[in-house]
Structures are given as C-alpha cells and as structure tokens.
Amino acid sequence: MKLRTISICIIIISATLGCSLTPELKNPELDIPSNLQPSAFSLQSSDHNPEPQWWKQFNDPVLDKLIEETLRNNDDLMIAVSRIEQAGAILGISSSQLYPLLTAGGSFTRAKASEEVHNGGGTNNTFTLSAMVSYEIDLWGKLRNKKKADLSRLLATKAVRDSLEISIISQVASTYFNLISIEKQLRTAEEIMLRLKEIYEFREKQFKHGLIDELTLEQSRAEYESTRILVETLKAQKENIKSSLFVLIGKTPKELFEGNLDISQDFSEDIPIPSLLPSEVLLKRPDIVQAEENLRAANFDIAVAKASYFPSITLTGSAGLQSNELSNLIQSSASFWNIGAIVAGTVLDFGRTKNTIMLKEAQKKEALIQYVKTVRTAFKEVYDAMVNLDQSIKRLEAQREQLRSLEKVIALAEKKYERGLTDYLTVLDSQRGYLNARLNLIRLQTEVINNHIFLFKALGITELSQGS
C-alpha cells in the first residue's frame, strides 16, 4: 500500500511540476483583414476556389506531366523528405526516453586467486546471466517537454517540405510558360525577319534599277539584321530556360545534353481568379505553420532547460543467475537480484543553467518575432500578387488595342511611301513599332500567367488547408 501511495504521489508531482515549468505561450494579436482581397483589386473574383493541385487550372497536360515528374525526381524535395525522416528519428529517440531501458547479458570469467591473500589460492570459474533495468522518473517534465519540442520540430520540418514543394511547383510552372513565351516570341521574330528579308531583297532590286537611293537600301538592311540579332538572342534564351527546367524536373545530365522537350504552342488565358477567401486560410500557409511550430519548440526548450535546476532520479534494478559451475547456473539457489535509486543533481554550475535558460528565452523571443514577420510577409505577398495580376490584365488589354492600331499604321505608312508621300524611315518606324508591340503582347500574356502562378504560390493552398 505504501509503494502504491508513493507511486501516485510521484505521478501527481511529476504532472504538476512538468506543466508548471513550461512558460505560457500566448499567440500574438495579429490585426488581419477579414478576407484576402485588397481594395485596389478591381477585377471580380470567380466562385472558383483554388484547388490543392492548382496548376491543373491551366488545362495543360504537358505541364501536369512535368510537375508529376518533378515531384518524383527533384533533388531538393528528396533532401527535404530525408530531413523529415531525420526529425522523425529524433522524435523517436525522445519518446523512447520516457520508458525504462531493459538490457540483458551473460558473462564468463576464470580467475586464479593469490595464495598470499586467499588460503590455498585456487582457480575459480564464474558464470552469470542477468537482466538490468533503469528508468528515469520524469518528475520535472524534462523528457516530456523534450519530446514535445521534437514533435514541433518534426511538424516544422514537414511544413518546410510543403513550402518547398509549392515553391518548386511554381518555379516549374513559371519556367514552363516562360519557355512557351520565348518560343512564341521566336516564331514571331522569325516571321517578321523573313518579311524584312523579303523587303530588303526587294529594295536591293529597286536600288539596282535606280529607283531608290543607297540610304534607303541600307536602312532596310539594318532593320533586317537587327531582327536577325533578336532571333539569335531568343534562341539562346530558349536553351537556357530549357536547361533550367530540366534541372528542376530532375533530368539526368545525359538528358540535358541529348533530350528534347515538347511544349504547348500556346498558353491558356481563361484562368479563374480565386474567390474571396477568409484570412484564416492564409495562416495555414506552410511557412507560417513552420514559424508557429518553431515558436512552440522554443517554448518547450525553456522548460527543458529549467528542469536542470532539479535533480534527476533514476531507478535501477537487476536480476539473474550466477554460479561457479555451469551445471548449477539454473538452480534456484544461483539467483540474485538488486534494486536501487540514483539521485544526481547540480550543486554549483557557476550560472550555466541560468544562462542556458536565458539563451532559450532569447531564442523564443526571436521565434516569436519571426512568426509575426512571416505572417506579415505572407499577407504582403498575397496583396502584391493580386494587385500585380490586376494591373497586368489591364496592361494586356491596352496592348491588344495598341497592336490593332499599329496594324493600321503600318498599312497606311507603306501605302504613303509607295505613293511618295513619306520617306522610308516612317515605314521602318511603323514596322519596328509593330514588331515590338507583338513581342510585348506575348510578354504581357506571360506576365499575366506568371502573376496567376505567384498568386497561387502566395496563397499556399495545400491538402491540409483545404481539408480544414
């Protein structure tokens, strides 16, 4: 009965002190908006909520396949998974320390005693089989708080992996659409280059027949060569973007040098703008979850450090069989046992524990500031992404209107030149403006696509947040 009473008292003291050493963790008050739509965002959102696999809204099977391959082969993601496994193993170690340690062993010794010490000396054999157990009573909650801290670090590591996955998927999607953009720009530049080549060859014939002067001929040639330079520049950019995409996907060096990549000829512009979402959704963004779990871990670390002020109590015991003769080892008379307790604590550490606690409290303060900063950054990124998307869509519409006007300008300039009502520089200026407008239209289409991607990335939608 006494032993039972003592055990109950130990459990009560352990639970009480273990909790009391852990500082109260108060989440900071965050003045956040009710929903994720800034007043500067004038476009109407749809009723479409962003899906965890948001990239499928682009309706591009090639992109879907590339992202599936990326999730399997990307080196950074595999490193992140390995770190999760490491954090899981550390948590397993912490959890195991809450339970007794049981070991077993056997030994054999043969010794000759000194005749000067023992009468007659002699040689003795000793056979031993034993089992030993040790158990640290977690009175002060040090082991439990260590386990909780490691659990928070595991969750933070998983959040890092989720955040990295969103980032890499965004990079793949953005790089893929940039590659389509460069391909479209290249086709446009080559088309215009062929047209300028035909014009140059026509001017060359006119010059031979004395119909135009040499200045007009050289101006036509310069415009053609300028477009050739642009074509070669776009070809180099295309290869550089393709190699970056290959690395993201996890292609081998051989595939990088010898492989090819089929891409779509155009990109979809019918991408739904996410509907209004409550701000609480953003608080489930992986980097915010990571910062929150790091803050929890830092809070538990303080309790672990405070427990060093108190002594550790370890119960020990062993039992087994011991005999000088192997044949007598299994006799009941060969049994032995012992139980005990070890109490160990610091008497004087010259401020080591105090400064360790101060260090952990400072780390908690840093983690708290980092959490608030991460939340602020997340809302800023969503705000910027929405405003940039809004503005890029407006610029795209304006560019389309400009292109329609320039098509008329170039037609009028060519007619006036043929009638001798204007010089050839006017024609070249109109052609140059038309070329730049077409290329800029493609760039703006790409910008709208990328701003959609940045918005999805900023929202940080995952399976976890969708299921909540």
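Angles between helices under 35 degrees count as roughly parallel, over 145 as roughly antiparallel, 65 to 115 as roughly perpendicular and the rest as oblique. The model discussed here is predicted, so that local features need pLDDT of at least 70 and side-chain atom pairs count only at pLDDT 80 or more, while totals for chains, interfaces and linings use all residues. Residues are numbered from 1 along each chain as its sequence is written, and side-chain values use heavy atoms, with hydrogens and water left out.

Helices α3 and α4 (helices being DSSP runs of H or I of at least four residues, numbered from the N terminus) pack at an angle of about 170°, with their axes 9 Å apart; the axes are lines fitted to C-alpha atoms over the stretch in contact, and angles run from 0 to 180 degrees between N-to-C directions. The two helices are therefore roughly antiparallel to each other. Their contact (heavy atoms within 4.5 Å) involves, among others, Leu77, Ile84 and Leu91 of α3 and Leu151, Arg161 and Ile168 of α4.

Helix α4 also holds Ile182, which is buried, with a relative accessible area of 7%, where buried means under 20% relative accessible area with a 1.4 Å probe and protein chains only. Leaving aside neighbours within four places in sequence, Ile182 is in contact with Leu234, Gln237, Lys238 and Ile241; Leu234 lies 52 residues away in sequence but 6.5 Å away in space, C-alpha to C-alpha.

Helix α2 spans residues 61-73, and its buried residues are Leu63, Asp64, Leu66, Ile67, Glu69 and Thr70. What covers these buried residues includes α3 (75-96), α4 (142-208) and α5 (214-249).

Notes
The expected span of a helix is 1.5 Å times one less than its number of residues. Buried means under 20% relative accessible area, exposed over 50%, partly exposed in between (1.4 Å probe, protein chains only).
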